[in-house]
Every structure is written in C-alpha cells, then in structure tokens.
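Visitor: I am new to this structure. Could you walk me through it with short questions and answers?

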Amino acid sequence: MRIPLTWLREYAQVPAGATAEDVMNDLVKVGFEEEDVHRPLDTISGPIVVGQVLSKEPEAQSNGKTINWCSVRVVPEGAAQTLDIDGIDPSGVQGIVCGAHNFEVGDKVVVTLPGAVLPGDFRITPRKTYGHVSAGMIASVRELGIGEDHDGILVLSTLGLDPELGTDALALLGLDDEAAEINVTPDRGYAFSIRGVAREYAHATDSVFTDPASLVTVTPSSGEGHAVDLSDDAPIYGKPGCDRFVARTVSGINPAAPTPPWMSSRLRLAGIRSISLPVDISNYVMLELGQPLHFYDAAKVAGTIVVRRAAAGETLETLDGKVRKLDAEDLLITDSTGPIGIAGVMGGASTEVSSETTTVLIEAAHFEEVSISRSRRRHKLPSEASKRFERGVDPAISAIAAQRAVDLLVELAGGTEETTSTDAGSVTPAAPVFLPLGYTSARIGIEFSQSQVMGSLTDLGAVVEKVDGGYSVAAPSWRHDLATKDDLTEEVARLVGYDLIPATLPTAPPGRGYSRTQQQRRRVVQALADSGLTEILAYPFVSKASNDTFGVAEAGAARSAVKLANPLSEEFGYLRTSVLPGLIEIAKRNHSRGFHDLALFESGLVFLPDGTLGTASIPPLGVKPSEDVLDALYDGIPYQPLTMAAVFTGKDSPAAPGHTPRAWDWADAVDAARLVADVVGVELVVTQGSHQAFHPGRAAQLSLRNGDVVGYAGELHPKLLAELNMPARSVAMEINADKVFAQAPDVIVAKPISTFPVATQDVALVVPVEIPAQAVLETLREGAGELLEDVALFDEYQGTGIPEGSKSLAFGMRFRAADRTLTSDEASAARASAVELAAERFGATQR
C-alpha cells in the first residue's frame with residue numbers, strides 16, 4: 001500500500017517536516033513492514049513554473065518539420081524576474097523552440113527553465129537549435145513524469161487550472177508530495193486504505209485520528225433507487241456471496257470534466273493511473289475508505305440488477321476486452337441482458353462508463369472473501385478491488401463510500417445527486433469475544449494492566465465491556481480477523497508495544513527427537529552430499545509427457561497422475577510420478593549456461609494416485625472433523641513415497657595438469673543407488689533391467705532381497721537425451737527410499753575390523769553370454785563360504801579366444817579369517833569351491 005503523505009495528513013497528525021521514511025519507521029512499531037519510498041522530487045527539480053504563451057511563430061524546416069518559435073512570459077505582468085540563473089532572461093520572457101502544436105497564444109503552460117532537471121536526469125540548459133537559442137522547454141505530461149501523453153504539451157486549462165504566472169508548477173501538480181509504501185499482510189486488509197493506515201499511524205504515535213467516514217453525511221433516502229435482487233442459490237461454505245449492495249445514482253455529469261491535479265497526483269503516488277474523472281473518483285474513494293466501488297453507465301443497465309451465481313455456458317466480456325467463460329462458482333452482477341460484471345473482480349464492457357456517460361449508477365457492495373478470491377484466481381484477474389475484497393472489506397462502510405462518491409461527482413463533475421437509493425441485504429454483526437482476565441498477560445509473558453487491555457481494544461474501535469472473569473469484546477466492523485481471544489491478545493501486545501516483550505529463549509519440550517524415517521533420510525542425504533553430489537529442489541509439477549516417460553518402466557503401460565486444477569502453466573499441469581524430470585530440467589538449464597560437469601540429486605515425494613482422489617465434500621470450518629471424516633480425507637490423498645534420484649553428466653572432476661578426468665558412466669549411477677541402501681543397512685540386488693527412459697542395454701534394475709523392485713539406474717536413453725539437448729551418455733538413478741527404509745534393521749551393527757592380513761585371488765570364468773554377471777558373483781560368494789570377505793567383478797571380455805555365445809568374467813576375491821592368518825592353500829581351496837559351484841550351476845569353465 002502506497003500512502004501519499006498529504007493525504008495521510010488529512011486524517012492523522014503527521015508532523016509537517018516528517019518524511020516518508022519517518023512515517024514508515026512509525027508504522028513499523030505497529031507491525032507493518034517497510035517497502036519503498038516514492039518521491040518525485042528525487043528525479044525532478046526546478047525551476048519549473050507556470051508560463052503564458054505570448055507569441056507563436058511557425059517555422060518550416062528543411063527536414064520537413066515545422067517548429068514554433070515562442071515567447072513565453074514566466075513572471076506576472078510588470079513583475080521582475082527574481083531567478084538569477086544563466087539562461088533565464090531578467091525580463092521574465094523566455095524564447096523557446098517547441099515542436100508541439102496543440103497550444104495557442106494566451107495558453108498557460110508548464111515551463112522548465114534553465115537549471116531544471118527532468119526525470120531521466122534530463123538537464124535543461126540554453127541551447128542553439130533551428131537557428132534560435134532556446135532557453136527552456138514547454139513540457140508535456142510525459143516529460144514531467146505525470147503521464148504517458150507525449151503528443152503535445154500540457155495546457156493547464158485542460159486540467160481546469162488558471163494559476164498566476166510564475167507559480168511553482170511542482171507544487172501545483174502535486175509533484176512536491178511523497179508516498180511511503182508498506183507491506184500489508186493478508187489478515188489486515190483494512191490497511192489497504194488511507195482510513196486504515198491513518199488509524200494505525202495514530203496508534204503508533206499516540207496521536208489523534210480523524211475517521212474520514214465520520215466526515216461524510218449520508219443523504220436520507222427519499223425512496224427506492226435502482227432495483228437490486230440478491231439471489232445466491234449456491235453459497236460457498238453456506239455464506240452468501242453478497243450480503244449488502246448499496247446503489248446510488250448521479251445524473252447530469254459533465255463527461256469532459258477534468259480530474260483535478262490534487263486527485264490525479266495522489267492517485268499517481270498511490271500507484272494508480274489517472275483515466276477519467278468518474279473512474280478516478282471511484283479509485284480515490286476506494287483508496288481513501290477501503291471500499292471498492294464500481295460505476296455503471298446507468299443508460300446501459302437494463303432492468304433489475306441481480307447478484308447471482310453463473311449459469312452453465314455463460315460468458316462475459318470484461319473491461320480489459322477479453323471474453324471470459326464463466327464458472328458455476330463465479331458470483332456475477334447481472335441485469336435483464338445477462339452478466340455485466342464479475343462481482344468484486346472486474347466489470348463488464350457493456351455497461352462501461354465512457355466519454356458519453358451523463359448518468360452514473362454507483363455500486364458499493366460487500367462480497368464474501370472466498371468467492372472473490374476463487375474468481376480472481378480462476379480468471380487470472382488481479383485487481384485493486386479483488387485485492388481488498390478477498391482480504392475483507394468493512395461491511396458498514398458501503399453507504400458512506402457511495403455517498404462520498406456522490407459528493408465528489410457533484411462537486412467535480414457538476415452532477416446532480418438523486419436522493420433515491422437502494423440498500424439491499426443486511427450484515428450480521430460478529431458475536432462478542434470473551435477475553436478472560438489475565439489471559440493476555442499469561443500468553444505474552446508480561447503484565448498488562450486493565451487500562452492497557454481495555455484502552456488498546458477501544459482504540460482499535462472495539463466495544464469493550466468488563467464482565468465477570470474478563471472482558472466482552474465486540475470487534476469493529478472493519479476487523480473481521482478478530483474472532484478469538486488469541487487475536488485480541490495479539491492486538492493488545494501490538495498496540496502496547498512489541499518492544500516491551502522480553503527476549504527469552506523458550507524451554508525445549510521433551511520429545512523423542514527425529515522419527516526413524518527422518519533419521520534415515522538425513523543420513524542418506526548427508527552421505528550423497530559427502531560423496532560429491534549436489535542436492536537440489538525441483539518443482540513437483542511436470543508435463544504429461546514426462547510422467548508417461550519416467551512414471552512407468554514399460555512404454556504404453558497404464559499410468560495415472562494427479563492433474564492440477566490451476567497449474568502455473570499448461571506445460572506443467574501434473575504432479576510428478578518420478579523425481580527425474582525435475583532433476584533433468586535443472587541439469588539442462590545448467591548446461592545451457594555453461595555448466596557441463598554435474599552430479600545432482602534430490603530427495604522428494606512423488607504422487608501415485610490409486611482410486612478416488614479427494615472427498616465429495618469439504619468439512620466445515622471451525623469444527624474438528626470426526627475420525628471417519630479424517631479417514632476419508634486421508635483415503636483421498638494419493639500414495640506419496642519418498643523417492644531419491646540422481647543425474648550425472650560430463651566428467652567426475654575438472655581437468656588439470658597430470659590429471660585426466662573420467663566421464664561419469666552407468667556404474668556411478670548404480671553406486672549412488674547402492675549408497676542409499678548401504679547407509680541404512682539394506683542389501684540392494686542389481687540385475688539387468690529395462691526401462692523406457694534408460695538405454696536398452698545399459699540399465700540396471702534395483703531390487704530388495706524379498707524381490708520388490710525399488711528403482712532403476714544406468715544410462716539415459718539416447719533418443720531422450722537428444723530430444724532434451726543433453727550430453728550423450730548422461731546417467732541417472734531413481735530409487736523408492738520408503739521401501740528401502742522399511743527393510744532397514746533397527747540397529748545397524750558395524751562389522752569388526754580384522755587385524756589379520758587379507759589373501760587375494762582372481763578368477764576368470766567363461767559362461768554363456770546370457771548369464772548375468774550378478775548371478776555368477778552371488779554364486780561365487782555362496783560357494784566360497786565364510787572365509788570370503790569380498791568379491792567384485794573387474795573385467796568382462798568377449799572376442800578372440802572366447803567361444804561364440806560366451807563371455808569371460810573376471811572377479812577379484814578377498815579372503816580373510818577372523819582368528820588367524822590364512823594360508824594360500826586355504827584361500828585356494830575356498831576359491832576352488834566357489835568355481836565348482838559356478839561350474840555346476842552355469843557350466844562355467846576357468847579361462
């Protein structure tokens with residue numbers, strides 16, 4: 001929220017010399033956050049004055065342009081020029097070259113004299129151009145930074161101004177004002193108004209606040225105004241979409257009446273562009289009182305206004321020129337022709353106020369927050385009105401805001417107030433909240449006196465009564481967020497002063513620490529990071545194609561995924577069924593920026609729906625759901641196993657003198673998966689596998705000893721890498737960590753370290769080519785017996801000397817005894833036993 005200081009001073013006692021920074025410092029005391037300062041004088045400086053064109057002599061130029069050589073008086077007739085700056089004529093008349101043609105002799109204009117600086121650090125100096133010395137410039141609104149019009153210069157009479165010559169134009173146009181910008185949290189929607197901020201400033205400085213609403217006198221109604229029907233047959237959570245609708249009419253307005261500079265400058269500082277007087281008045285009242293208004297061209301509204309939900313197939317062309325397909329949840333403003341606006345979000349083009357409008361119908365309504373918020377998100381239509389409605393608007397201000405708009409239309413547009421009015425619906429005041437005596441002190445940790453509690457809540461605008469055991473507090477209509485005793489406690493602490501709350505460290509409650517799964521996850525993540533991988537966090541939103549490719553091993557197999565109702569973009573419209581798409585996308589982005597050697601991993605959830613998602617209805621707010629309702633909610637949530645994945649591209653280390661880096665290969669992906677299991681004490685079975693996202697011959701299937709398949713590892717499919725513009729032979733792994741963790745022992749017992757030497761022997765076996773190396777390795781381990789400490793494959797060979805259809809597998813075997821030094825005969829005997837079992841099972845022969 002941007003707060004012009006001149007506007008704030010009308011309702012709060014802001015010191016004359018206070019800056020925007022001072023105001024923000026005071027507002028921080030009552031819980032607001034500083035955002036920015038908006039000060040036009042930081043980019044523009046004088047002398048910039050009001051001048052009058054005395055002569056205008058057109059001169060055609062050789063380049064085809066026609067310029068005007070002008071004499072402009074910049075001091076009153078007969079007065080002396082008091083500015084002593086190089087280039088300013090002592091006579092008070094400046095010679096200026098101007099390329100615009102939208103002014104005449106006698107017009108009063110804004111003149112930037114030598115020494116002035118315009119936005120963009122454009123400095124005004126006398127300069128020779130088109131055969132004349134131009135000592136200044138006649139300015140346009142764009143050059144002054146108050147608009148975008150650059151086709152002609154600013155003629156002050158078009159703004160309804162006739163100031164004295166030599167008047168400071170910066171003050172005249174409101175450029176000497178400044179605005180403080182604060183961040184407004186969602187629970188404090190009342191602060192999206194000068195009214196709300198002025199009240200908070202008074203709280204912060206213990207000064208007097210004048211409520212702008214109290215300065216408006218609502219004209220008594222002489223009869224029923226425009227007919228309005230509130231008809232919500234499908235309320236959300238049982239709350240009607242509109243519970244109050246005020247309609248007022250002003251006739252005979254001058255559609256060409258200009259917006260006065262004081263109003264346009266305040267709107268500009270508040271971040272809203274000046275459009276036309278009626279539109280500017282509606283925005284001005286919204287910023288001042290916090291009540292969004294909508295103005296209709298009364299001649300274009302046909303019949304009764306009906307506030308209702310949208311019907312199937314209805315559409316509406318909104319003010320931005322787009323035709324929108326309406327949803328059954330959308331709350332609409334309609335007349336006999338159909339929809340004329342999405343309530344609280346944006347009006348329709350058919351009833352828009354235009355330059356021909358002479359009678360304005362004013363809408364000041366109170367809409368339900370959830371309904372407005374959903375429509376705004378559904379149609380991607382953020383607006384100043386919806387920003388306020390979805391955070392809560394004071395329902396008691398509607399008639400006052402409408403009257404304020406009526407008064408401004410009468411005063412500035414020459415309209416006539418029609419005394420008939422409509423005030424449909426009614427708002428039920430919130431029930432009083434009981435605040436127990438001493439509750440605030442106990443909750444905050446410091447002692448609050450009765451006067452502090454009652455005084456703070458009364459200053460908020462609440463009605464506070466002392467009752468048995470505490471206080472009965474009726475929150476003001478603009479504070480719908482004060483619904484519990486804790487809300488009231490927070491307000492007391494905020495207004496008395498957060499700085500009074502002592503800084504004490506809380507005592508940690510006793511507990512059992514991390515759960516078993518949390519401990520396992522942290523150990524695995526730390527182990528992967530320690531091994532040189534970099535942890536990343538990707539969005540869980542992916543495309544349908546990514547889920548189809550990575551979500552199932554077999555191409556074309558049945559797959560289900562959760563489709564997002566409101567995705568960030570249609571390209572990422574599903575929740576992921578695999579972690580790899582996000583990892584690969586991040587690797588791809590790094591490659592496009594010159595980082596090619598990557599080892600990335602992520603630990604996150606995937607979403608695997610099975611059955612019905614969600615529930616038929618949502619439990620009501622403010623009531624603890626029953627166990628059956630909670631069970632139904634949990635049943636509607638998709639299975640979300642913890643999954644770990646890694647992607648490797650490029651080399652394992654940077655090149656250096658005397659060091660040749662090694663390219664990552666499928667074995668690194670398998671090792672990363674093995675590490676996940678090893679850290680929690682689970683043995684992973686690695687066999688030849690097949691997955692559509694992986695290379696047909698360089699993929700491993702990862703299984704547990706019980707046969708459950710928990711993942712895949714290996715080289716990604718060449719076609720997939722080509723489509724993604726990724727380096728060839730990039731490798732990856734993905735493993736279901738939840739299944740691995742479930743098989744982990746409660747206690748991982750470290751193996752004792754033997755002090756006896758190891759005996760190593762190698763063996764090369766020739767086996768049929770279709771026999772997996774892992775099967776041979778497991779057989780050697782079984783056949784060697786308890787003396788075998790480790791066995792590992794270190795070579796595979798097919799070619800000369802090996803029969804057709806066979807391959808040679810070379811294994812390194814390590815033998816060690818726990819209680820003695822092994823002899824070579826004992827190691828050889830264990831090796832021979834292992835070879836014998838391999839020969840028996842696979843027909844293996846030693847090479």
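Visitor: Which residue forms a salt bridge with R391?
Guide: This is a predicted model, so every distance here is computed from it. The closest N and O atoms of the pair are 3.4 Å apart. A salt bridge needs them within 4 Å. The partner of R391 is E390.

Visitor: Is E390 buried or exposed?
Guide: The cut-off for buried is under 20% relative accessible area. E390 has 19%. That makes E390 buried.

Visitor: What is the N to O distance between E491 and R479?
Guide: The side chains of these two residues meet in a salt bridge. The pair links distant parts of the chain, with E491 in helix α13 and R479 in the loop between β27 and α13. Both residues are buried. Their N to O distance is 3.2 Å.

Visitor: Which residues are linked with E491 and R479 in a network of salt bridges?
Guide: The structure holds 49 salt bridges. Some of them join up into a network that includes E491 and R479. The other members are R188, E200, D481 and R494.

Visitor: Why are E778 and R781 separated by about one helical turn?
Guide: An α-helix has 3.6 residues a turn, so residues three or four places apart point the same way. E778 and R781 form a salt bridge, with the closest N and O atoms 3.8 Å apart. Both sit in helix α21, and their separation in sequence is 3 residues.

Visitor: Are E778 and R781 buried, exposed or partly exposed?
Guide: Partly exposed lies between the 20% and 50% cut-offs. E778 has a relative accessible area of 22%. R781 has 35%. E778 is partly exposed, and R781 is partly exposed.

Visitor: How far apart are the end C-alpha atoms of helix α14?
Guide: Helix α14 runs over residues 516–530, which is 15 residues. At 1.5 Å a residue, it should span 21 Å. The model agrees: the end C-alpha atoms are 21 Å apart.

Visitor: What arc do the buried residues of α14 cover around the axis?
Guide: The buried residues of α14 are Q520, V524, V525, A527 and L528. They sit on the same side of α14, because the arc they cover is only 160°.

Visitor: What do the buried residues of α14 pack against?
Guide: Their partners include strands and helices from later in the numbering. Among the helices are α18 (666–679) and α20 (737–742). The strands are β28, β31 and β32.

Visitor: Which residue just after α14 takes a positive phi?
Guide: The helix itself ends at residue 530. Just after it comes a phi of about 110°. The residue is G532.

Visitor: Is D668 buried or exposed, and what does D668 touch?
Guide: D668 lies in helix α18. At 13% relative accessibility, D668 counts as buried. Leaving aside residues up to four places away in sequence, D668 touches F648, R662 and A663.

Visitor: Which residues of α22 are exposed on the other side from its buried residues?
Guide: The buried residues of α22 are A827, A830, R831, A834, V835, L837, A838 and F842. They fall within an arc of 160°, so they line one face of the helix. On the other side, the exposed residues are D825, E836 and E840.

Visitor: What covers the buried residues of α22?
Guide: The cover includes helix α21 (773–784). Strands take part too, including β37, β39 and β40.

Visitor: How far apart in space are A202 and V14?
Guide: A202 is found in helix α5. With a relative accessible area of 7%, A202 is buried. In sequence, A202 and V14 are 188 residues apart. In space, C-alpha to C-alpha, the distance is 8.9 Å.

Visitor: What is the relative accessible area of L621?
Guide: L621 is found in the loop between β31 and α17. Together with Y237 and I618, L621 makes a nonpolar surface patch of about 350 Å². L621 is exposed, and its relative accessible area is 67%.

Note on methods:
Residues numbered from 1 in each chain as written. Predicted model: local features only at pLDDT ≥ 70, side-chain atom pairs only at ≥ 80, totals over all residues. Heavy atoms only, no water. Helix = DSSP H or I, 4+ residues; strand = E, 2+ residues; numbered from the N terminus. Expected span 1.5 Å × (residues − 1). Buried < 20%, exposed > 50% of the residue type's maximum accessible area, 1.4 Å probe, protein only. Arc of directions from axis to C-beta. Contact = heavy atoms within 4.5 Å. Patch = residues over 30% accessible without salt bridge, like charges linked within 9 Å, V, L, I, M, F, W, Y side chains within 5 Å. Areas by Shrake-Rupley, 256 points an atom, 1.4 Å probe, with all protein chains shown as cover.
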